[in-house]
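Work through the exercises below with the sequence and the coordinates at hand. Each task is followed by a solution in steps.

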Amino acid sequence: MPPTEHEKTKRSSDPSLRAAHVAVDPLEYPGWDSLLAAHPEATVFHGTGWARVLRETYGHTPVYICRFDGRQLAELLPIMEVSSQWSGRRGVSLPFTDFCPALKTPGQDGRALYQAAMDSGRQRGWKYLECRSASDGWAGASPSLAFYGHVIDLAAGVDALFKGLDSAVRRGIRKAEEAGLRVEFSSSSESIQIFYALHCRTRRRHGLPPQPFRFFENIQRCVLDAGQGFVATARLKDQPLAAAVFFCHGRQVLYKFGASDHAFQQLRPNNLTMWAAIKQSAADGFSTLHLGRTSLANEGLRRFKLAFGATEETVRYCRYDYSSKRFVASTDRTEGWFNQIFAHLPLPLLRLAGQILYPHLS
């Protein structure tokens, strides 16, 4: 029986019933997170929690390019439209994200997905479209920026994982334990407040402003409270010496943020914090722990992650510039002349700088 006029109208207005690529807002799409369950490569960044963090902290607009097969999500390229009077309007997949692969079904090369995203950007007046993943299927794409990525296979078991640590890391863990440090796990607002105090001091030491506190408040409310992450905090008695924020999705854990009190570095609280998170994640049945992205110039952080027995990979970003109609290179802006300025600002001014700057960055 041919479709009725009502069915035709419903099919044309409901993106879940169309085969074409459409732009949707996951925060307005019922059951969005359940749709991701069928995709083994989905991360916490594809879900509504992270989308809500970005929208409610910075006002970014979700423009998630999708193709549906019936009511199943067949393809997805999540994009946030970042609009700034300073830096213009652009599409980023996704802001403040280490990596965010496009989701595709077997047999699909993604060409139509990326083409739909580029067409959407032209219509919306973007300066560029940046994707933070290996962009197989994006015709003509060339890397604009690269980072190291590090992954720990948790399947080996705790004993094998400990043996796989660098000897200096093992000594650091024992030193921390002998000094009486302990690690606690929490997803509470108090744990985020403790982390943020350490985070601000750590960012100042690196000569970078911290993200505004509301960013981490939203992470706690939208991600951690939803059971998709935790904060690991190393304490000496009641004094927090180091803390790290981890995200969880499926069978993967992601190390997202870390901070510590540099005055107690000799007690190796960072070593103990990371090792405790590795043990806990393995015990909870997760298969991998991804240690996030690392700048190619940050050899110290790279060595720290490799010392935990991680396998190294390359994370590549691609950026298409609409004015020049080509893929262009970009710059890793974590180091520069500004580091010396930020490193000498009082903490209140440094936090103010973050509140002013980050809404215009991505």
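**Exercise 1.** How many disulfides does a search of the whole structure find?

*Solution.* The model is predicted, so to speak of local features requires pLDDT of at least 70 and side-chain atom pairs count only at pLDDT 80 or more, while totals for chains, interfaces and linings use all residues. Residues are numbered from 1 along each chain as its sequence is written, and side-chain values use heavy atoms, with hydrogens and water left out. Taking a disulfide as a pair of cysteine sulfur atoms within 2.5 Å, the search of the whole structure returns zero. For Cys66, the nearest cysteine sulfur belongs to Cys100 and is 12 Å away; Cys66 is buried, at a relative accessible area of 0%, where buried means under 20%, exposed over 50% and partly exposed in between (1.4 Å probe, protein chains only). For Cys318, the nearest cysteine sulfur is that of Cys131, 7.4 Å away, and Cys318 is buried with a relative accessible area of 5%.

**Exercise 2.** Which helix gives the largest share of the largest nonpolar core?

*Solution.* A nonpolar core is a set of buried Ala, Val, Leu, Ile, Met, Phe, Trp, Tyr and Cys residues joined through side-chain atoms within 4.5 Å. The largest one has 50 residues, and those with the most contacts inside it include Trp32, Trp50 and Phe215. Its largest share, seven residues, comes from helix α8 (residues 213–224), helices being DSSP runs of H or I with at least four residues and strands runs of E with at least two, numbered from the N terminus. Apart from this core lies another, of 29 residues, among them Ala176 and Leu241.

**Exercise 3.** Is Trp86 buried or exposed?

*Solution.* Trp86, placed in the loop between β5 (80–84) and β6 (88–93), is exposed, with a relative accessible area of 55%.
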